[in-house]
Amino acid sequence: MRIAVVGAYGAGKTTLIAAATARIGLPAAHGTPMRDPAGSRPTPLEQTTEPELIQLVVRRHAERLLAEAAHPEGFLSDGSLLHEWVYATVRLAVGLHPGSYQNTQIVTADPDSPYRSVLDHLGREFIQRALTSYDAFVHLPVEFPLHDTPPPISEHFRTLSDRLLLTTLHATGIPVHTATGSLEARLHTLQTLTSRPEGRPRADADSHA
């Protein structure tokens, strides 16, 4: 099975995948850290300019495609082909530390940004690729606060990005399964999903497709 483990920054995707690869037997698919745009000085993600951010989104997307294609029999992807696009869309719309007044139901990139149309079109392409890349998404909701000091994004940014992520995932029609609670509980959700004999997961009671 080809499963993308998705969620906002700090939701525990990498921790879950590290624990799941040995227990479930599916290999992990990762990209490199999203920083240091080519042709620029070393720069952390939160300090990149808008064009550098777009560059990093495209780089990470290409890395994910290659990493996932290396495992045609199945994989656990740390994030998905939509992950960086969601981050960039929210960042261009509200910044890394938006106020709590921002509507959590709607995130639209700044209409005055010259990169809005670029991101919109990249999103359409990424969604089309996701349709043929995954059998299921496993979503990790925001359950725990960030422990970074200082945090690179606000808690409200996490809420907004998680909302846009879920809206986009549901639009694909691919089953979305929620894994909550402790690491062991999340592992159990993954194990149950991968043990189904019919291959592609059913859109049943634990799916939100």
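**Reading helices, sheet and cores**

Guide: Let us start with one pair of helices: helix 3 and helix 5 are oblique to each other, and everything said here refers to a predicted model.

Visitor: At what angle do the axes of helix 3 and helix 5 cross, and within what distance do they come?

Guide: The general idea is to compare the crossing angle with fixed ranges, in which values over 145 degrees count as roughly antiparallel and 65 to 115 as roughly perpendicular, with oblique for what remains outside the named ranges. Here the two axes cross at roughly 130° and come within 9 Å, so the pair is called oblique. The crossing of helix 3 and helix 5 is right-handed, and the residues in contact include Trp 85, Tyr 87 and Val 90 of helix 3, together with Phe 157, Leu 160 and Leu 164 of helix 5.

Visitor: How should I read the sheet, and what is the order of its strands?

Guide: One reads a sheet from edge to edge by following which strands pair. This one is open, with five strands in the order 2-3-1-4-5 and parallel pairing. Strand 2 (28–29) and strand 5 (176–178) are the edges, and because each has a single partner strand, one side of each has no neighbour in the sheet. Helix 1 (residues 13–24) packs on the sheet, where it touches strand 1, strand 2 and strand 3, and its direction makes about 160° with that of strand 3.

Visitor: Which residues are the bridge partners of Ile 3?

Guide: Ile 3 has Leu 76 as its bridge partner in strand 3, and Ala 136 as its partner in strand 4. Strand 1 (residues 2–6) is joined to strand 3 (residues 75–78) by four bridges, and four bridges also join strand 1 to strand 4. Strand 4 is in turn joined to strand 5 by three bridges, with His 139 paired to Thr 178.

Visitor: Which way do the residues of strand 4 point, and are they buried or exposed?

Guide: Ala 136 and Val 138 point one way and Phe 137 and His 139 the other, yet all of them are buried.

Visitor: How do I read a core, and which residues touch the most other members of the largest one?

Guide: In soluble globular proteins, nonpolar side chains tend to be buried together. In this case the largest nonpolar core has 35 residues, of which Leu 53, Tyr 87, Val 90, Tyr 134, Phe 137 and Leu 169 touch the most other members. Helix 3 gives the most to this core, with seven residues. Leaving aside neighbours within four places in sequence, Leu 169 is in contact with Val 6, Leu 82, Phe 137, Ile 174 and Val 176. Another core, of 17 residues, lies apart from the largest one and includes Met 1, Ile 17, Ala 179 and Leu 190.

Methods. Residues are numbered from 1 along each chain as its sequence is written. This is a predicted model: local features need pLDDT of at least 70, side-chain atom pairs count only at pLDDT 80 or more; totals for chains, interfaces and linings use all residues. Side-chain values use heavy atoms; hydrogens and water are left out. Two strands pair if DSSP finds at least two bridges between them. Helices (H or I, at least four residues) and strands (E, at least two) are DSSP runs, numbered from the N terminus. Contact means heavy atoms within 4.5 Å. Axes are lines fitted to C-alpha atoms, for helices over the stretch in contact, and angles run from 0 to 180 degrees between N-to-C directions. A nonpolar core is a set of buried Ala, Val, Leu, Ile, Met, Phe, Trp, Tyr and Cys residues joined through side-chain atoms within 4.5 Å. Buried means under 20% relative accessible area, exposed over 50%, partly exposed in between (1.4 Å probe, protein chains only). Angles under 35 degrees count as roughly parallel, over 145 as roughly antiparallel, 65 to 115 as roughly perpendicular and the rest as oblique. A crossing is left-handed if the near helix is turned anticlockwise from the far one by less than a right angle, and right-handed if clockwise.
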